[in-house]
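Work through the exercises below with the structure open beside you. Try each task before reading its solution.

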Amino acid sequence: MKIRFPSAGMAILTAVATVISIARAEDRPLYLDSTKPREARVEDLLGRLTLEEKVGLLHGDSKFTTPSIPRLGVPTRWLDDGPHGVREDIGPHDWNSAGRTDDYATCFPALSVLASTWNTNLAYAYGEALGEESRARHKDIILSPIADIARTPLCGRIYEFFGEDPFLNTRFSVSSVRGIQDQDVAACIKHFAGNNQEMGRAIVNMDMDDRTLREIYLPPFEAAIKEADVWTVMGAYTKFRGEHCAYSDYLINKILKGEWGFQGLVMSDWGGTYDTREAVLGGLDLEMGTLITGTEKGRPYNEYYLADPFLDGLRKGEYPMSLLDDKVRRNLRVMFATHVFDTRKPGALNTPAHQATAQRIAEEGIVLLKNEGNALPLDISKIKSVAVIGENAVRTNASGFFGAGVKAMHEITTLQGIVNRAGDKMNITYSAGYMKTKAGGINSNLVERAVIAARQADVAIIVAGLNHSPYLDDENRDRKNLRLPYGQDELIRQVTQANPRTIIVLISGPVIEMDPWLNQVPAVLQAGYPGMEGGTAIARVLFGDVNPSGKLTCTYPKQLMDSPAHALDTYPGTNGTLFYKEGLLVGYRWFDTKNIEPLFPFGFGLSYTTFEYSNLKLVTGEDTNAPLVTAEFDIANTGSRAGAEVAELYVHQANPSLPRPEKELKGFKKVSLKVGEKKTVSIPLNRDAFAFYDPSKNGWVTEPDNFKILIGSSSRDIRLQGDFKLAQAITYK
Ligand code: BGC
């Protein structure tokens, strides 16, 4: 690792300048003057801090705070988890609830549901609402969004991810960061970079080639920095080529701070720091959390690696002061960027508008996977009775998000949503059908009662899925397989036999194996973890008030072994190292290139109406500032209901000099259409849409070649295609 040390002379000059600046300070110090440029304020405050105060800013002093400096008015910084809403207050020194009564917050749908909307306006709305709630809860840094790629469907946190595609991740990361940070709160994009499985996350060493890193795992982080100016980044627990991600010289110093010019701070994941020297030199700026495993659980905060051990090293001259100042500057910059010393936006908590946003995300994020014979929507005027079955129909999930649990004022379950919507029009019964147990087996009594209820009803709705129990969408543990637990497959089979009009609603993260029953049921909705208004959203989809428009963000394989990490036997790693053998071929890139039929493809989702695509034109850019080409085409609503369609644009290169996946998503647009309405959609493509990373050039290249522009309703349902000839060879960073 190469680190440049400044000369002793420089250090003395800096010290002299500091003394002078304090001596000349007027009543109102410059750093408190909001009219002054941010960097000037940073330098002014930096110059006033003692060595001890500086080091104090680099580590936590409770689970989610950093120390204040009262003599200078530097406040305690509050961090909090936030992917699904501002987490309830815990600690201060353990993971138990703080027992407050004012820490309720809106519980948004999981990020996997947000991405399934394919509507980036909703990502901004989510970010904005989350930012407002963070401000109202006096948080300075909210630990969202998560930009990790869904590499294996077993990943315990896949429900917190935006999915398997880097382009989709990029657009959702950028929009949500913008929404959050527009509210004077720093977003924290995590977990940089990798962290694609929970199994062994604290120790596993990732080994992937540079092209895979650049094309698949880094793009959302890079875009969040370059396009949305994200202020904080959390390093992953995992190692990258032998170095911990949070202080990997390659990832942090060279790429993040060097190449991308990141000016904000890098924090560790909670307890993800293991060595002072490595952390100091590897680019870590803020150490958070106590170790979650091992013997050092509960270390005093002054013993953190970036606390006394760093201070001692500085005093002994083991580290240059410039290295300390760089870390402090980054911390201060985030404080000034979020107006910690100025008048800040006040924020708002639990507003009807935020709850409406949560509901809208759920409504647009629910994916209709199957709808044979128009089983859905249910006609409220014709149905006299519904049997709602399944423990997930009455289970709430807000508090179950482990590292991201939210104390929601209320949470509308699916049963409640159905009763609210149709309770006065029909007879609604509930039976559990299955029950969460440790053993996980079938409960024949419950099945029997559910079968009787289903037989007596016009329609049965089984609300099945997972529930954040160990190994079932659970942090720190992956799933063991893709099947439904607690005998739900058998429950579905028997209920469907009793009543063929059985609708399946899945409450779970993406990817459930459905082979045992998919052919027997007419309709399936993947509802994800739809947040506090989820039951209302599900009922509105079931009864047709909302026309589903969500699309999958992960490929559903027919069986686990079809997906790349498992087909190549690279999971969970060999002797502590995880070889990303599939390289670029993650998700649909693998299924398409290897011609493997998925159960449901990436980008798939049905509607209650039909859409017709026509009239593709590829309009080439006329000047250098214009996109290289813009795909223009029409979409018409040819069915009998208003609805929204996501048009997906994929690019295929004919003869690349390095192998490329069969096709790659490079654009998408969601359009709402009334019955009979037709709209022209245009998706501009710049050089990024055609480029790939060439390790021999350490940069991105476009090659003069023929490209196919494929416009689809899913990755496997291409409706229009056109040819584009790219003339320029471009190489860029
Ligand atoms: C998770 C992070 C989270 C942190 C603090 C860790 O276990 O990986 O995503 O922000 O805990 O709760």
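**Exercise 1. A pair of facing residues**

Task: Find which residue in β21 stands opposite A631.

Solution. This is a predicted model.
Step 1. Go to A631; the residue opposite is I683 in β21.
Step 2. Look at the strands themselves. β18 covers residues 629–637 and pairs with β21 in the antiparallel sense. The pairing runs over 8 bridges.
Step 3. Widen the view to the sheet. The sheet is open and has 3 strands, in the order β17-β18-β21, with antiparallel pairing.
Step 4. Mark the edges. They are β17 (611–620) and β21 (678–685), and each of these pairs on one side only.
Step 5. Add the twist. Neighbouring strands of this sheet are turned by 20° against each other on average, ignoring direction.
Step 6. Keep a general rule in mind while looking at side chains. In a regular strand they alternate between the two faces of the sheet.

**Exercise 2. The sheet of β22, β23 and β26**

Task: State the strand order of the open sheet that holds β22, β23 and β26, and name its edge strands.

Solution.
Step 1. Start with β22 (residues 692–694) and β23 (residues 699–702). They run antiparallel and are joined by 3 bridges.
Step 2. Find a facing pair here: D694 stands opposite G699 in β23.
Step 3. Inspect the connection. β22 and β23 form a hairpin, with 4 residues between them. In the turn, N698 has a positive phi of about 50°.
Step 4. Move on to β26 (residues 730–732). This strand is antiparallel to β23, and 3 bridges join the two. V701 stands opposite T731 in β26.
Step 5. Put the pairs together. The order is β22-β23-β26, in an open sheet of 3 strands with antiparallel pairing.
Step 6. Name the edges: β22 and β26, each pairing on one side only. From one strand to the next, the twist averages 35°.

**Exercise 3. Around the ligand**

Task: Which residues come nearest to the ligand, and what classes make up the shell around the ligand?

Solution.
Step 1. Count the residues around the ligand: there are 14. Of these, D81, R157, H191, D269 and E475 come nearest.
Step 2. Sort the shell by class. It has 6 nonpolar, 1 polar and 7 charged residues.
Step 3. Check individual distances to ligand oxygen atoms. For D81, a polar side-chain atom lies 2.4 Å from an oxygen atom of the ligand. For E475, the distance from a polar side-chain atom to a ligand oxygen is 2.6 Å. For H191, an N or O atom in the side chain is 2.7 Å from an oxygen atom of the ligand.
Step 4. Turn to the cover. Taken alone, the ligand exposes 310 Å², and the protein buries 97% of that.

**Exercise 4. Unusual backbone spots**

Task: Locate the cis peptide bonds that end at P92 and at H191, then place H468.

Solution.
Step 1. G91 and P92 are joined by a cis peptide bond, with omega about 15°. P92 sits in the loop between β2 (77–81) and α4 (111–116).
Step 2. K190 and H191 are also joined by a cis peptide bond; omega is about -5°. H191 sits in strand β4 (residues 186–192). Recall H191 from the previous exercise: this residue is among those that come nearest to the ligand.
Step 3. H468 is not a glycine, yet its phi is positive, about 70°. Its place is the loop between β13 (459–465) and α16 (488–498).

**Exercise 5. The whole chain**

Task: How many helices and strands does the protein chain have, and how compact is the chain?

Solution.
Step 1. Count the elements: 19 helices and 26 strands.
Step 2. Compare radii. The radius of gyration of the chain is 26 Å, close to the 27 Å that the globule rule gives for 733 residues, so the chain is as compact as a globular protein of that length.
Step 3. Box the chain in. Along the principal axes, its C-alpha atoms fill a box of roughly 85 × 65 × 50 Å.

Notes:
Residues numbered from 1 in each chain as written. Predicted model: local features only at pLDDT ≥ 70, side-chain atom pairs only at ≥ 80, totals over all residues. Heavy atoms only, no water. Pairing = 2+ DSSP bridges. Axes fitted to C-alpha atoms, helices over the stretch in contact; angles between N-to-C directions. Near = heavy atom within 4 Å. Polar contact = N/O pair within 3.5 Å; in protein donor to acceptor, adjacent residues only side chain to side chain. Areas by Shrake-Rupley, 256 points an atom, 1.4 Å probe, with all protein chains shown as cover. Nonpolar A, V, L, I, M, F, W, Y, C, P; charged D, E, K, R; others polar. Rg over C-alpha atoms; globule rule 2.2 N^0.38 Å.
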